Amino acid sequence: MTTLPFPAAADQLAVDVSSVRNQFPILQTEAHGRPLVYLDSAASTQQPEVVMDAVRDYHRHHHANIHRGVYQLSQTATRLYEEARARVARFLNAAEPAECIFTRGTTESINLVASTWGRSNLQPGDEILLSTLEHHSNIVPWQLVAQATGAQIRVIPINDVGELRLDDYRRLLSPRTRLVAVNHVSNALGTINPVREIIAEAHSVGALVLLDGAQWVAHGPTDVQALDADFYAFSGHKIYGPTGIGVLYGRRRLLDAMPPYQGGGDMIEQVTFAETSYAPLPNKFEAGTPHISGAVGLTAAIEWVESIGLERIAVHEQSLLRYATQRLSAIPGLEIKGNARRKSGVLSWVMLDPAIASLDIGTQLDLYGVCIRTGHHCCQPLMERLGVTSTARASLGLYNRVDDVDRLVEALAEMVEHARQKPGPVGTRAVPAAGAEHLSLVSNATEGVTVPRYPAAAAESPEAAAADIADLFAFLPDWPMRHQHIMDLGEKLPPMPEVLKTAANQVHGCQSIVHIAARLRPGAGDVIEFLADSDANLVRGLIALLQQLFSGQRASSILAFDTEAFFAQIGLDQHLSMSRRNGLAAMVQRLRQLARQHANA
Ligand code: PMP
């Protein structure tokens, strides 16, 4: 692979990346013996030392509960918390600090508006406009409120490069539109939406606008008054701050008229058992003890970002985005999803030829020390529109440099080369050759039809099979070797007959497509056997392990076996947590369900 020259403009990067990187201890660490390349800032940014120091300093010297304490410590904590609010207000250019409500993050900010403004203002016939680009956290809260109020959801479509279709947007707007809720920047594609225009158009029909700013605030200056936004939401952990803290900006007029979100301490004026009057803004929306140290950390993060300058950050990230786009596009068979004219530092792609499932790209890059995100990015409707179930996504932060992109591209190039050299279904996706759907079919002589060949028991019990697997894994001391072994098992797994890949046999995993066909072995009591398949080779390898454990075993033995403990024993839980719903947990559940039905057969 030839290395493309880095664009000339980037020779004078606006940001001194080395000095930035020195402030992030985590960027000096290694993953799987290689220097860490962190390309997942859209999921969560890393924290500079000043943020960690501010939080530590708060805990060491200033912590107490806020607002109610009469002693000095509590008053200092209160001051720090309220100063954080004032800092956020200046950052967003809100008219006053009371318009900035602290929440747990973007998700809670949106839920707050949906639950309070939505439930008290929407009625049957009203419409909420969302877009195809939305994160689930800007879809599901509106679905909940639509169900509760009878309002309807309408969706602004996108064009093929991932931009909102503004002509359709204008057509969808009507006096029925009460609220437009769109993201400022798409987390899955990086599209920067023309939010000023969107807001002006919405206001012209009397609708309000909520902007999900999760993916914007760390990448360019925000001015809610210049935008004329009604609500603006963001999360601390996407702007180099702590997790568990976020902000909802709302116009005072709107927030004042909204009912409280949660009830509890600190949000009241007067409580009797007959009735309660509520505290004024912002306390009305901040029931209970808030995330005080989070607010302190967020202040430090905002000050840090501003000390570098959001314009400079944008110049740096845009140069890197151009470079990364050129280099990724030069990999044959790789298709970038999302090519909007205005984009932030997000690169989403799929590998088509050779076909490599996103999950496999992600887990293999991990072995090179490269952290990216794979899956649907909490944007399933967008994935459906793009005609994929998942993408691999690299996202840039202020600390990324040309070298990070080079490491990503070199690792990908090696992976592609390796996949090309594999015969048949490339270490990746089981694409059955023509007629290969019969590979696992055998003739049933008596009935003269073909039936799938289900694997027989690999050992006398799941425990015995587990012991065999554990013995083998003990020879494979680290994750790279275990990963390779699972990938090898995946390559050897016979493809599942296409006829069995029905909707009913599909299990819904987060990261890949998985089908499983389980049955009782005919004439063998409660013996369960199964076939399964996935587009991700890693999952195919896990299927092979599951088959070794369970196929051909009695229902009661399957139920008695603790799969999670076993996966922990062989070290899979660290890298493939069951709770990630990557299809594995769903498969196990499917098997256990069948086993429960037939345990006493
Ligand atoms: N909206 C967008 C566009 C996002 O990218 C995210 C996080 N991925 C969220 C909302 C939710 O943010 P949080 O999980 O911090 O609440």
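A salt bridge is counted here when a side-chain nitrogen of Lys or Arg lies within 4 Å of a carboxyl oxygen of Asp or Glu. By this rule the count comes to 35 salt bridges in what is a predicted model, and the legends below take up one of these pairs together with several other close-up views.

**Figure 1. The salt bridge between Asp266 and Arg68.** In this pair the closest N and O atoms are 3.0 Å apart. Asp266 belongs to the loop between helix H9 (252–257) and strand S11 (268–271), while Arg68 belongs to the loop between helix H2 (49–62) and helix H3 (72–92), so the salt bridge ties together parts that are 198 residues apart in sequence.

**Figure 2. His67, a residue with positive phi in the loop between H2 and H3.** The phi angle of His67 is about 70°, a positive value although this residue is not a glycine. The loop that holds His67 runs between H2 and H3, and Arg68, shown in the view of the salt bridge, is likewise placed in the loop between helix H2 (49–62) and helix H3 (72–92).

**Figure 3. The residues around the ligand.** The ligand is surrounded by Gly105, Thr106, Thr107, His135, Ser137, Asn187, Asp212, Ala214, Gln215, Ser235, His237 and Lys238. From Thr106 a polar backbone atom comes to 3.4 Å from an oxygen atom of the ligand, whereas Ser235 places a polar side-chain atom 2.7 Å from an oxygen atom of the ligand. His135 is paired with a nitrogen atom of the ligand, which lies 3.3 Å from a polar side-chain atom of this residue.

**Figure 4. The interface between domain 1 and domain 3.** The protein is divided into domain 1 (10–42 + 308–421), domain 2 (51–307) and domain 3 (436–598), and the C-alpha centres of domain 1 and domain 3 lie 32 Å apart. At this interface 13 residues of domain 1 are in contact with 14 residues of domain 3, and the two domains bury about 1,100 Å² between them, with 60% of that area on carbon and sulfur atoms. Of the area that domain 1 buries against domain 3, 40% is supplied by Leu359, Asp360 and Leu367, more than by any other three residues.

**Figure 5. The side of domain 1 that touches domain 3.** Between domain 1 and domain 3 there are 0 salt bridges, but 3 residue pairs are in polar contact. Helix H12 (358–367) and strand S17 (373–375) are the elements that give two or more residues to this side of domain 1, and H12 gives the most, with 6 residues. By residue type, the side of domain 1 that touches domain 3 divides into 3 nonpolar, 8 polar and 2 charged residues.

**Figure 6. Two cis peptide bonds, one before Pro282 and one before Pro354.** Leu281 and Pro282 are joined by a cis peptide bond with omega of about -5°, and Pro282 sits in the loop between strand S12 (276–278) and helix H10 (292–308). Asp353 and Pro354 are also joined by a cis peptide bond, for which omega is about 0°, and Pro354 is found in the loop between strand S14 (346–352) and strand S15 (355–356).

Technical notes. Residues are numbered from 1 along each chain as its sequence is written. This is a predicted model: local features need pLDDT of at least 70, side-chain atom pairs count only at pLDDT 80 or more; totals for chains, interfaces and linings use all residues. Side-chain values use heavy atoms; hydrogens and water are left out. Domain bounds come from an automatic or database domain assignment. Contact means heavy atoms within 4.5 Å. Buried area is the accessible area (1.4 Å probe) that two parts lose on being put together, summed over both. A polar contact is a pair of N or O atoms within 3.5 Å; within protein, one must be able to donate a hydrogen and the other to accept it, and residues adjacent in sequence count only if both atoms are side-chain atoms. Helices (H or I, at least four residues) and strands (E, at least two) are DSSP runs, numbered from the N terminus. Ala, Val, Leu, Ile, Met, Phe, Trp, Tyr, Cys and Pro count as nonpolar, Asp, Glu, Lys and Arg as charged, and the others, Gly among them, as polar. A residue is near a molecule or strand if one of its heavy atoms lies within 4 Å of it.
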